[in-house]
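Dear colleague,

I am passing the structure below on to you, and my notes on helix packing and salt bridges follow it. Please read them with the coordinates open.

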Amino acid sequence: MRKRSKYRPKGVRLDVMTWVINGMRPVTDATDEILTLRIKNHMAMETLRKGGGTKADMDVVIAAFNMTEALARLRIGSELADKIRAGQDALYALAKRGANLGRFIFTGPELQAVNLVMEIHDAQLDVCTIAELEKAVEIVKQELRHKRMRVVEVKEA
């Protein structure tokens with residue numbers, strides 16, 4: 001009987017020193033990418049704040065909040081874990097309500113909590129390194145792969 005899985009060799013890094021040195025550099029050195037990311041995050045937040053947000057805007061903000069939680073697990077802003085959780089709960093409540101109503105509109109306390117988490121996310125990006133950001137991305141991917149994230153369920157009418 002023939003083996004079903006195919007052999008897939010691991011990738012090889014050709015320049016290990018450059019990879020290690022780049023991992024120790026702060027994220028703020030990659031100004032173009034980080035600036036684009038921040039603009040994308042804040043544009044989605046502004047659209048949601050004004051009440052014209054779409055599912056795509058919610059996905060952008062949810063991704064930013066997932067990264068915020070992952071960076072807090074890596075001890076970057078871990079002292080603010082309760083505020084991060086409160087902001088995620090507020091965003092989850094907004095997502096559930098918006099999925100059922102068809103539009104996303106914040107309440108006052110939800111907006112305050114979400115704004116605070118977005119400020120924490122910006123501060124984390126200011127102090128983390130590229131290697132820490134890559135680890136946080138892997139944490140988020142692993143949480144998604146193992147289905148440990150909350151799912152917004154839409155009620156049928």
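**Salt bridges and a helix pair**

Aspartate 126 has a relative accessible area of 39% and is therefore partly exposed, since that value lies between the limits of 20% and 50%. Please keep in mind throughout that this is a predicted model. Aspartate 126 forms a salt bridge with arginine 38, and the closest N and O atoms of the two are 2.4 Å apart. This pair links distant parts of the chain, given that aspartate 126 sits in helix H5 (residues 108-127) and arginine 38 in helix H2 (residues 31-50), 88 residues apart. Arginine 38 is likewise partly exposed, with a relative accessible area of 21%.

In total, the structure holds eleven salt bridges, and two others seem worth describing to you here.

Glutamate 143 forms a salt bridge with arginine 73, where the closest N and O atoms are 3.1 Å apart. Here too the pair links distant parts of the chain, with glutamate 143 in helix H6 (residues 130-145) and arginine 73 in helix H3, 70 residues apart. Glutamate 143 counts as buried at 13% relative accessibility, whereas arginine 73, at 43%, counts as partly exposed.

Within helix H6, the side chains of lysine 141 and glutamate 138 meet in a salt bridge, at 3.9 Å from N to O. These two residues are three apart in helix H6, so about one helical turn separates them. Lysine 141 counts as partly exposed at 44% relative accessibility, and glutamate 138 counts as partly exposed at 43%. Elsewhere, salt bridges that share partners join Glu69, Arg73, Glu143 and Arg148 into one network.

Turning to helix packing, how are H3 and H4 arranged with respect to each other? Helix H3 (residues 55-73) and helix H4 (residues 81-101) pack at an angle of about 160°, their axes being 11 Å apart. Because an angle over 145 degrees counts as roughly antiparallel, H3 and H4 are roughly antiparallel to each other. Their crossing is left-handed. On the H3 side, the residues that meet H4 are Met58, Val61, Ile62, Phe65, Asn66, Thr68, Glu69 and Ala72, and on the H4 side their counterparts are Ile84, Gly87, Gln88, Leu91, Leu94 and Ala95. Sorted by class, the contact of H3 with H4 has nine nonpolar, four polar and one charged residues.

With kind regards

Definitions and conventions: Residues numbered from 1 in each chain as written. Predicted model: local features only at pLDDT ≥ 70, side-chain atom pairs only at ≥ 80, totals over all residues. Heavy atoms only, no water. Axes fitted to C-alpha atoms, helices over the stretch in contact; angles between N-to-C directions. Helix = DSSP H or I, 4+ residues; strand = E, 2+ residues; numbered from the N terminus. Parallel < 35°, antiparallel > 145°, perpendicular 65-115°, else oblique. Left-handed = near helix turned anticlockwise from the far one by under 90°. Contact = heavy atoms within 4.5 Å. Nonpolar A, V, L, I, M, F, W, Y, C, P; charged D, E, K, R; others polar. Salt bridge = Lys/Arg side-chain N within 4 Å of Asp/Glu carboxyl O. Buried < 20%, exposed > 50% of the residue type's maximum accessible area, 1.4 Å probe, protein only.
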